[in-house]
Amino acid sequence: CVLRKNFDRGVKHSCMHLLCVDDDTNFLDLTTTFLQRKLPAATIHTATHVSDARTLLESEPIVCIVSDYEMPDKNGIEFLHTVRETHPELPFILFTGKGSEEIASEAISAGVTDYLQKRGLEQYDRLATRIRHTVAEYQTKHELRERVKELTAIQTISDLLSDSDGQLAGQLQQVVTYLPQSLQFPEAAVASLAIGETEFTSPGYEPPVHQLVVHDVITAGTELTLTIGYTTDSVSETDSDVILPEERELATTILQLVTAYLDRRHVLADLRKANRRLDLILENTTAVMYLKDADGRYVFVNAEYERLFDIDSEELVGQFDEDIHPPEVAETVQANDRRVRETGDPIEVEERITVAGDERTYLSLKVPARDEVGEVEGVFGVSTEITERKERERQLEALNREIPWLLSAETAEEVAERGVEAARELLDLQANAIHLYDAENEELAPVAYSDAVVE
């Protein structure tokens, strides 16, 4: 963990930390002098023994090693093998005065980054150039790996939150369980997510020594807090911040994903409630409801429509009015629909519809159905049966016309006769009679009655 930390910290600093290893102090001083001249921003650490070099490698953010071949405790290739055990990609340049094809071949097989021989001062120019290019490539690869790691984490957590119907607690717990694996020191990393008063924490969670906290608020007003960090202090005192910029971006992005996920669940929950209410209306209302497309084909009907015409919505969808109603009825209904589509205005009209051979009257409210850009793409209608109401209106009108006749009658008997006749003809009360009080006999006596009473 410490070695990885030194590497990560080294590539993020503008200062390049180099490690030069050579048992010959004269060559070591010469190499250091030239490299400081050619790479003025570099910090150069030196060691004359491999053991000292290992100590520096563990304590300093080394980004490149320049090593001699012949040394007393280990040769350069043996040193390379020990470095590759913990730093498989750290740039390692073998800079030796003893050169041969055999050594070069062995070095390449061992995974050396470059191989140079100490032949003249011009080789130091070449060495500085190789170091600059090698470290730049090394840093680029590292940054690319970090970016890929960040994007992989974002994609993985996005996939975890893609199921809006999943169990909320389980999905959020998966997020904080996975997130520490994406940080630079996963062995010491922890994460917690607080949503209002509820908190989800990664397994074995402890308050982190180094931490980053980001905040957000969902649509419903609940505050979210995401905390990432490390539980052990494995950072040297000279390092001011162990949290990498990539980790800051990652935490912010993950919290945005969680916020969007919770907002989506909130919206879907509201939609489900609205759908349940709508279903209650559609299933239980006595009004007929329907939706037709721009060509007049049925797209939707409610339960009352199915009951009224004894047809399932699956059978009705895609059909036209002429497939259901008599021609004269279909023509009237389509004319009203066409008026709504052409004007874009709602209308309220009476429509006479034949149902099971009986003619009924409906008061239909028809409104234009519009698409997302406001164009009319159909007609939505709500039709309420008013047959009985229309009949009562007809009867009241007919009775009003009888009033002058009643007023013109000269005797009570004549009023009664005309009343019985009106009840029979206008109200369809075939058996009816009018009785008046007979004071002499102290009884109600029939004055006028219809023939059906006698029968």
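In which helix does leucine 56 lie? In this predicted model, leucine 56 is part of helix α3, which covers residues 50–59. The legends below take the views in turn.

**View 1. Leucine 56 in helix α3 and its contacts.** Beyond the neighbours within four places in sequence, leucine 56 is in contact with Leu19, His45, Thr46, Ala47 and Ile62. One of these partners, Leu19, is 37 residues away in sequence. The C-alpha atoms of leucine 56 and leucine 19 are 7.9 Å apart in space.

**View 2. The largest nonpolar core, with isoleucine 65 and its contacts.** This core has 45 residues. Leu18, Ile65, Leu94 and Ile131 are those with the most contacts inside it. Helix α6, residues 122–160, gives the most to this core, contributing 6 residues. When neighbours within four places in sequence are left aside, isoleucine 65 is in contact with Leu19, Leu57, Phe79, Val83, Leu90, Pro91, Phe92 and Ile93. Another core lies apart from this one and has 33 residues. Val176, Ile243, Leu250 and Leu255 are among the residues of that other core.

**View 3. Threonine 129 in helix α6.** Threonine 129 has a relative accessibility of 32% and therefore counts as partly exposed. Leucine 35 is 94 residues away along the chain, and its C-alpha atom is separated from that of threonine 129 by 9.8 Å.

**View 4. Glutamate 137, also placed in helix α6.** With 46% relative accessibility, glutamate 137 counts as partly exposed, because partly exposed covers values between 20% and 50%. Its C-alpha atom is 9.4 Å from that of proline 91, a residue 46 places away in sequence.

**View 5. Aspartate 310 in the loop between α9 and α10.** The flanking helices are α9 (303–309) and α10 (313–316). Phi of aspartate 310 is near 50°, a positive value in a residue other than glycine. The relative accessibility of aspartate 310 is 72%, so this residue counts as exposed.

**View 6. Aspartate 428 in the loop between α13 and β15.** The loop is bordered by α13 (412–426) and β15 (433–438). Aspartate 428 is not glycine, yet it has a positive phi, near 60°. Its relative accessible area is 57%, and aspartate 428 is exposed because the cut-off for that class is over 50%.

**View 7. The whole chain, as context for the close-ups.** The chain contains 14 helices and 16 strands. Its radius of gyration is 46 Å, well over the 23 Å from the globule rule for 455 residues, so the chain is more spread out than a compact globule. The C-alpha trace spans about 150 × 50 × 35 Å along its principal axes. Of the 455 residues, 41% count as buried. For contacts between residues at least 6 apart in sequence, 55% join residues at least 24 apart.

**View 8. Surface and charges of the chain.** The chain exposes about 25,000 Å², and carbon and sulfur atoms supply 49% of this area. There are 43 positive and 88 negative side chains. The centres of these two sets lie 10 Å apart.

Terms used. Residues numbered from 1 in each chain as written. Predicted model: local features only at pLDDT ≥ 70, side-chain atom pairs only at ≥ 80, totals over all residues. Heavy atoms only, no water. Core = buried A, V, L, I, M, F, W, Y, C linked by side-chain atoms within 4.5 Å. Buried < 20%, exposed > 50% of the residue type's maximum accessible area, 1.4 Å probe, protein only. Helix = DSSP H or I, 4+ residues; strand = E, 2+ residues; numbered from the N terminus. Contact = heavy atoms within 4.5 Å. Rg over C-alpha atoms; globule rule 2.2 N^0.38 Å. Areas by Shrake-Rupley, 256 points an atom, 1.4 Å probe, with all protein chains shown as cover. Lys, Arg positive; Asp, Glu negative; His and termini not counted. Charge placed at Lys NZ, Arg CZ, Asp CG, Glu CD.
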